[in-house]
Amino acid sequence: MPDPVAILIAMAASGVVTALVLLAYSRLRSSPGAVIGWPLAVGLGFVTGSIMLGFRPRGVLATDQERLLLLVVPLAVTVESWITMKPMSTARMVLARGCVALSSGPLLLLGSVYMTGGSGGWSLAERVCFLFGLGVSILVPWLALVTLQQRRPDPVISLTLAATSLAAGITTMLSGYASAGQLALPLAATLAVAAFAAPAAASPSAPGAVGVGWICLAGVLFIGRFFGSLTTLHGVLLGVTPLVCWLAECRPLCFWAAWPRRLLLLTLTLLLLGTVVWQAQNRFRTHSGSSAPGGAPAPSMQDYLDFGR
Amino acid sequence: MRYVMNCVMVLALGLASTAQADDYAIDPAHAAFDFRIQHLGLSWTTGRFNAVEGVFRIDPTPANCAFTVTIQTESVDSGNKQRDDHLRSPDWFNAKQHPQITFKSTAVKPVEGGYEVTGDFAMHGVTKPVTLVLKGGGSAEFPKGVQRTGFTGSTVLKRSDFGMSTMVGPVGDDVQLWISFEGIKK
């Protein structure tokens, strides 16, 4: 359960692993394999943070988190590495990413009522429509973000993803699925490190990092919505927030200097994210029914963790 | 001749036994599956599952009795929506992955005032044998023309045995279960 110290340690570990992988691959600059350092660093950073937070596989892909961390994320890292290593036509890139996006839904929902059609689940027709729609909703932002990163390489995209991950983590935790929300916090650290490392590594496009980062974030939102109680509205708002970066392509922002533009994009992002977290916090308070006598505050998760110490 | 007589007697006894076995369907309006769990070692938090269904057979030979109960995990209700959302999540019951809690009897023994029922209790993807004593078995006709019988029982289990170890410590590991149900004769 959320323990701020454990979360901070996990975030630090994620950041360190990301930095180390990027450092190791930067030494291979002349090698064609050097570019896979970016997707690998983000993927490994995310998984390391999750392990530090207590993620342990219990069965053969028995839980949503196991399927996210052991299937979907490695799949995204593989595809992004492949795309960055072997330049290919746009159609092939869309196809490769499309395969991952469309398979993410069925993989994450494997064995759940959504797939088995049990009580509260979907019929076959609903299942096909929903899964296709969900796949498209993962693919479109993915393509939009990597296209923008290629057109206008800027660390602000990774930073926006990092900020969104932080907000997604808090919102998912407030929506009743604490352990899934926690996963997004080391992801935020990983993406922040990637954002700051990109200019330092003289590789502003950070190929693959944005794609893997998006899939990790979408995965957390997905399991938060379908296995926890993250509302559709909050999930959608958090999912579209990174697309704010596309404003950089619009007039008059496209003519602005880099720093004022970045500042405006980050401010807009934080405003959107702040609104979602504030609303989630209000919802949490309302549903908690914290009506302790004498105005006593409702206990937090940390209070439970500290109890008896 | 003796062989034929034996066969006839066995057949007759079998028919008589079958005729006396009664099958019941649990009446969801008069069924409850409640739980109690300790909070901070100070008090007990109680909750219930609102969707309980199942069937059972009462046979004059207790070993032939059978009980099957299915509980919809999603129907957990502890009187606090935020807590219920958390209980439904994979941190606790994982209602979308394991939508049902089931009990299926494997052995029934008579005890004073009821039955000692042993069966497979499946929850959170883990199945373990559980024994509970069901007391009751009286009958009533309500409304007219509808035969009912009912039982009540309880048991204690460790939630960590079923892979639910979230917050063990401040929230107790032992869970007291209490079940009471009426069945309508088919």
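**Close-up views of a predicted two-chain model**

**View 1. In chain A, the sulfur of C99(A) is 19 Å from the closest cysteine sulfur, that of C216(A), and this is too far for a bond.** This view, like those that follow, is taken from a predicted model. A disulfide is a covalent bond between the sulfur atoms of two cysteines, and the cut-off applied here asks for the two sulfurs to lie within 2.5 Å. C99(A) and C216(A) are therefore not counted as a bonded pair, because 19 Å between their sulfurs is too far. As for its surroundings, C99(A) is partly exposed, with a relative accessible area of 48%. When the whole structure is searched, over all chains, the number of disulfides found is 0.

**View 2. C245(A) is another cysteine that takes part in no disulfide, and the nearest cysteine sulfur, which belongs to C250(A), is 12 Å away.** Is C245(A) buried or exposed? With a relative accessible area of 1%, C245(A) is buried, whereas C99(A), at 48%, is partly exposed.

**View 3. R97(A) and E80(A) meet through their side chains in a salt bridge, with 2.8 Å from N to O.** Side chains of opposite charge can pair when their charged atoms come close. The salt bridge between R97(A) and E80(A) links distant parts of the chain, since R97(A) sits in helix α4 (residues 90–108) of chain A and E80(A) in helix α3 (residues 64–85) of chain A, 17 residues apart. R97(A) counts as buried at 5% relative accessibility, and E80(A) is buried as well, with a relative accessible area of 1%. The two side chains are also listed as making a polar contact, again at 2.8 Å.

**View 4. Which residues are in contact with R97(A), if neighbours within four places in sequence are left aside?** R97(A), whose place is in helix α4 of chain A, is in contact with V79(A), E80(A), I83(A), L139(A), W142(A), L143(A) and V146(A). Among these, E80(A) is the salt-bridge partner already shown in View 3.

**View 5. E249(A) and R152(A) form a salt bridge through their side chains, with 2.8 Å from N to O.** This pair, too, links distant parts of the chain, for E249(A) lies in the loop between α10 (232–240) and α11 (258–288) of chain A, while R152(A) lies in the loop between α6 (124–151) and α7 (155–174) of chain A, 97 residues apart. E249(A) counts as partly exposed, at 23% relative accessibility. The pair also belongs to a network of salt bridges, in which R151(A), R152(A) and E249(A) are linked.

**View 6. In chain B, the side chains of E116(B) and K109(B) meet in a salt bridge, with 3.6 Å from N to O.** Both residues fall into the partly exposed class, E116(B) with a relative accessible area of 23% and K109(B) with one of 48%. Over all chains, the count of salt bridges comes to 13.

**View 7. Where chain B meets chain A, 23 residues of chain B are in contact with 28 residues of chain A.** The area buried between the two chains is about 2,100 Å², and carbon and sulfur atoms give 55% of this area. On the side of chain B, Q82(B), K96(B) and Q97(B) lose the most area to chain A, and together they supply 33% of what that side buries. What kinds of pairing are found across the interface of chain B and chain A? The number of salt bridges found there is 0, but 10 residue pairs are in polar contact. Helix α2 (residues 81–88) of chain B contributes the largest share of the side of chain B that touches chain A, namely 5 residues. Sorted by kind, the residues on that side comprise 7 nonpolar, 11 polar and 5 charged.

**View 8. Chain B as a whole contains 2 helices and 10 strands.** Followed from the N terminus on, its elements run α-β-β-β-β-β-α-β-β-β-β-β. Of the 186 residues in chain B, 42% are buried. When contacts in chain B with a separation of 6 or more are considered, residues 24 or more positions apart account for 54% of them.

Terms used: Residues numbered from 1 in each chain as written. Chains lettered and ligands numbered in written order. Predicted model: local features only at pLDDT ≥ 70, side-chain atom pairs only at ≥ 80, totals over all residues. Heavy atoms only, no water. Buried < 20%, exposed > 50% of the residue type's maximum accessible area, 1.4 Å probe, protein only. Contact = heavy atoms within 4.5 Å. Buried area = accessible area lost by both parts, 1.4 Å probe. Salt bridge = Lys/Arg side-chain N within 4 Å of Asp/Glu carboxyl O. Polar contact = N/O pair within 3.5 Å; in protein donor to acceptor, adjacent residues only side chain to side chain. Helix = DSSP H or I, 4+ residues; strand = E, 2+ residues; numbered from the N terminus. Nonpolar A, V, L, I, M, F, W, Y, C, P; charged D, E, K, R; others polar.
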